[in-house]
Amino acid sequence: MVKFLINRPIAVIMTYIAIIVLGFVSIAKLPVSLMPDIDIPEINIQLSYENSSARELENSIVKPLRTQLLQVSHLKDIKSETRNGQAVIRLIFDFGTNINLAYIETNEKIDATINMLPRNMERPKVVKANSSDIPVFQMNISLKADSADIKQMLELSEFCSSVIQKRIEQFPEVAMVDITGLLSPQVNIVTDSKLLKNLNISNKDIEYAIISNNYEIGNFLINDGQYQYNISFSNTLKDIEDIKKIRIKVNNSVFRLDEIADISIHAQKQLGMFSSNGKQAINMRIIKQSNAKINDLKYVIDKLIHEFSSSYKELDFEIANDQTKLLTYSIENLKQSLMYGGLLAFLLMFLFLKNIKSPFLIGISIPTSLIVSMLFFFIFNISINIISLSGLILGVGMMIDNSIIVIDNINQHYQKNNNIANSCINGTNEVIRPLLSSVLTTSAVFLPLIFLSGISGALFYDQAVAISTSLFASFVISITLLPTAYNILHRHIKFTKLDSYISKINILKYDNSYQKGFNLVFKHKAVFISIIILLTFSSVILFKYIPKQKLPTISRNDIVLNIDWNENITIFENNKRLNNLLNNHKKHINQYYCLIGNQQYYLNRNINLNQSESEVYIKFYDKSKIIYFKKEIHKYLKLKYPDSKITFSNSENIFDQIFNTNETYLELRVRNMQNAITPDYKDIKALISNINSENELVGNLQLNEYIYINIEHEKLLIYDVDYQMLYSKLKSLFNQNKISTLKSFQKYIPIYIGFDESNIYNILNNSLIKNKKNVYIPLNSLISTTTKNSYKTITSGKDGEYLPLVVNIAEKNIEYYQQYINKKFEMFKNLNYKLSGYSFDNKNIFNELIWVLVISILLLYFILAAQFESLIQPFIVLLEIPIDISGVFIMLFIFGSSLNLMSGIGIVVMSGIIINDSILKIDTINKIRNTNVSLIEAIKQAGHRRLESILMTSITTILALLPFLFQSGMGVELQLPLALSVIGGMLIGTIVSLYFIPLAYWFIYRKSS
């Protein structure tokens, strides 16, 4: 084949030009995303039922719905969180479940229970999760004025929802805009109780007047001879002026409504708020179309912001949580790897091969391999994303390896017979089989990665395909294009003087050093083997001391503060406290925004916050100030708000959101053994006190104080008061009495009637109600009030309700404290518990990675056995892997890194790369032995023949990853454990390939020789 191609250079070049053109077309059509477009095996059902208590909502709606949803196919787990007026049911499925079918089935189950739900309740919203639903970035919009009144915020809300949101969603790159912080208008009719009493009218009379003026009668069809006419009656209120003009008759006098009541437009009751840098704002999460290019989206949004900033100078537009930076960094990383990889390969080939022509071939092979890889991306429907780019970054070093081996082997043949054509043919044919084995073995170690359970396996499918396709492209190019180009270059271009000069300045004396090392190893075999054994066992010791994590720790200049004031405060008081809290630290803070209370996001995967709870994102100028900030916040709150509860968590980047790394590390799920409801808070309080007697292991309870209004039904009968009248009166007193709707153009604005009292106890003690005989009765004579404490959230799972308590225990102490907790629970016979949290997921991931490594090694053995036609020689190659892993652990330990998903993948990657040198060496030894050369001589000759290629491939791979050790940033820290694993394994692996593999080969075949 090689001979045929060399004799058809124009055909080869034209073929590759055609492939490159197709590659460029593919690049233009490939979507550019942050992450692969994968379904997250999760569906969320969001319920909202206004004015219902958590217990009422749990018992009457959530529990029956949860029971029905347990029948959904492939359901792995179910969890619900219920609060006053709202609940979220989270369905978690086995990975691999067709989430679209699960979504349809979930909706069918909800439809089956729809008759059980209250008629005035909205249908539950069903949201399926997808990695493409994660916002690319967020936009905060606020007024430039230091403070904004309700009217200005209503205007801003209207502008954002009807203009900005729609403008953004018109772009083909945008899937949707998820928005929060909007205010909706309502008409408030506030009456004066004394005036109404003097006029001898009630709110009921005003209600009747408004409703009677807001009828929508409908249409009539009337025949007039041969014609037909539609006659419609319009008697609806269109705006606030129509309401003010309503007439009401009082004691033979007619009044306009605005003469006896204050009528105004206000914001509807706010259950939540969004504020940015201390000012109330609107937040927009911009979600990209899965097939769109992220740079195109960023461009059109930046252009739109510039346009809006020029046109609306009274508004501030701010971009927050820009996830595109991580992708930009990965692309820059690839460029850097190409540049460093190419330059280092050039330099090394100048020094090792001692001519100027061969290195230029690297400049052909690497970009061609990458462009061909992009063509495969298009064929396999893979986007350009962080995961696939990391695969290409790893693949660059291996692409160079294939080219180096082919060029080095052709050079060796050329130096022997001085015939370029024959050297290209023989030199390429000689390494085709070991190179193919190298590509297959490297690809084989990635294949089991897709068997990682859950999202991990799906994510790294893109990485596996990226590396495998780039290696396959590099292999084909190295055995087809490279020998053809080598032949053309050496026949028609002469650099004799420059080659002579380069050979003179070469100062590398690696041949002599290798020979001395080889002689030393074979002279002191027992000592060398002992060192190797000690090195291997050291990895077992280091494994215990290296911390284990799901994902690497990433240094950040931002943080999220989660705070619960543990008081019944409004969102406005909540916002005021937050601003006071952060004002003292503004000189260190670059940007902050607060999610206060209930949020309006459609795709919000987490339960909404209570009005006393907030989530604050804080970005610092200097990340070193974060520790100081945490200490000061703890000190401030302990002094001023001792009952408040705070936690700090990482700001969510794209990986955190997909892997849910802010999930509780360790959680104590306490259940009631006597019944299926949440344990009594008094028992839990005693339990926490008992557990915390020695250490603060468990956090405090989050409770709400409720005011219960008890209606005295006997007194209603005595005073002749109608129950419905009393209920309506109470709703009006608390401004919760919706009487009608104002249909203004395409908007529906609710109309509420109420009183101007503000203090709850003043309302109840000073109000009167008219009975059936038109006699005024004091309201407080018909009701009584009590206060009670109750849980803010009712949490349930497959087995019923439980109380989640956060446990502060380090991983190494889990077993000890589990026994300690067991003893504490012996005192509470009516309670039991279960430990859960992502710490257990970490163990599962590591167990899976071990199995992935085992499967990879088995696949390697099968491929090598097929290549060598031997059952013993693959063992020689695979013996290298456990030795090289010690180098991985040494590097992780020295740099203080953890054993995590990325370093685990690095071990798998390293295992596939490092054995390539050993495969090539053993293949060369076998070929030399077939020429009747003695065993030791064959080992020596093979060592010298493969010395340059082993050194060059190892050094280029190590140097290509070396920048990760000296750079900073989220992208670097994410890839650093992988780079450390590969570098550590390669450093040890190079020595093993040069000396241990020949020694092991000699030990096995010495007697037969």
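**Exercise 1. Decide whether Arg-66 is buried or exposed, and then do the same for its salt-bridge partner.**

Solution. Start with Arg-66: its relative accessibility is 6%, and buried means under 20%, so Arg-66 counts as buried. Keep in mind as you work that this is a predicted model. Next, find the partner: Arg-66 forms a salt bridge with Glu-58, and their closest N and O atoms are 3.1 Å apart. Finally, check Glu-58, which has a relative accessible area of 0% and is therefore buried too. In the whole model, the count of salt bridges comes to 17.

**Exercise 2. Work out how Lys-635 and Glu-632 are placed in their helix, and how exposed each one is.**

Solution. Begin with the helix: Lys-635 and Glu-632 both lie in α20, which spans residues 625–640. They are 3 residues apart, about one turn of the helix. Here a general rule helps: an α-helix has 3.6 residues a turn, so residues three or four places apart point the same way. Now look at the side chains, which meet in a salt bridge with an N to O distance of 3.5 Å. For the last step, compare with the cut-offs: Lys-635, at 53%, is exposed, while Glu-632, at 23%, is partly exposed. Elsewhere, salt bridges that share partners join Arg-433, Asp-923 and Lys-927 into one network.

Now try a second pair. Lys-244 and Glu-241 sit in helix α8 (residues 240–244), 3 residues apart. Their side chains meet in a salt bridge of 3.8 Å, N to O. Glu-241 has a relative accessible area of 37%, which makes it partly exposed.

**Exercise 3. Describe the surroundings of Ser-264.**

Solution. First, locate the residue: Ser-264 belongs to strand β12, residues 261–267. Second, judge its exposure: with a relative accessible area of 19%, Ser-264 is buried, because the limit is under 20%. Third, look for a polar partner, and you will find His-266, whose side chain is joined to that of Ser-264 by a polar contact of 3.0 Å. Fourth, set aside neighbours within four places in sequence; Ser-264 is then in contact with Gln-186, Val-187, Asn-188 and Ile-240.

**Exercise 4. Find which residues of helix α22 are buried and how they are arranged around its axis.**

Solution. List the buried residues of α22 (residues 681–691): Ile-684, Leu-687, Ile-688, Asn-690 and Ile-691. Then look down the axis: these buried residues fall within an arc of 160 degrees, so they line one face of the helix. Now turn to the other side of α22, where Lys-682, Lys-685 and Ser-689 are exposed.

**Exercise 5. Trace strand β13 and its partner strands.**

Solution. Check burial first: 5 of the 5 residues of β13 (residues 272–276) are buried. Gly-272, Phe-274 and Ser-276 are on one side, with Met-273 and Ser-275 on the other. Next, find the partners. Strand β17 (residues 589–597) pairs with β13 in the antiparallel sense over 5 bridges, and strand β14 (residues 279–288) is joined to β13 by 2 bridges, also antiparallel. Follow Ser-276 across: its bridge partner in β17 is Tyr-593, and in β14 it is Lys-279. Last, look at the turn: β13 and β14 form a hairpin with 2 residues between them, and Asn-277 in that turn has a positive phi of about 50 degrees.

**Exercise 6. Where in the chain is confidence lowest, and where is it highest?**

Solution. Start with the chain as a whole: its mean pLDDT is 80, and 86% of its residues reach 70 or more. Then go element by element: confidence is lowest in helix α16 (residues 496–505), with a mean of 56, and highest in strand β18 (residues 613–620), at 90.

Key: Residues are numbered from 1 along each chain as its sequence is written. Side-chain values use heavy atoms; hydrogens and water are left out. A salt bridge is a side-chain nitrogen of Lys or Arg within 4 Å of a carboxyl oxygen of Asp or Glu. Buried means under 20% relative accessible area, exposed over 50%, partly exposed in between (1.4 Å probe, protein chains only). Helices (H or I, at least four residues) and strands (E, at least two) are DSSP runs, numbered from the N terminus. A polar contact is a pair of N or O atoms within 3.5 Å; within protein, one must be able to donate a hydrogen and the other to accept it, and residues adjacent in sequence count only if both atoms are side-chain atoms. Contact means heavy atoms within 4.5 Å. pLDDT is the predictor's confidence in each residue, from 0 to 100. The arc is that of the directions from the helix axis to the C-beta atoms. Two strands pair if DSSP finds at least two bridges between them.
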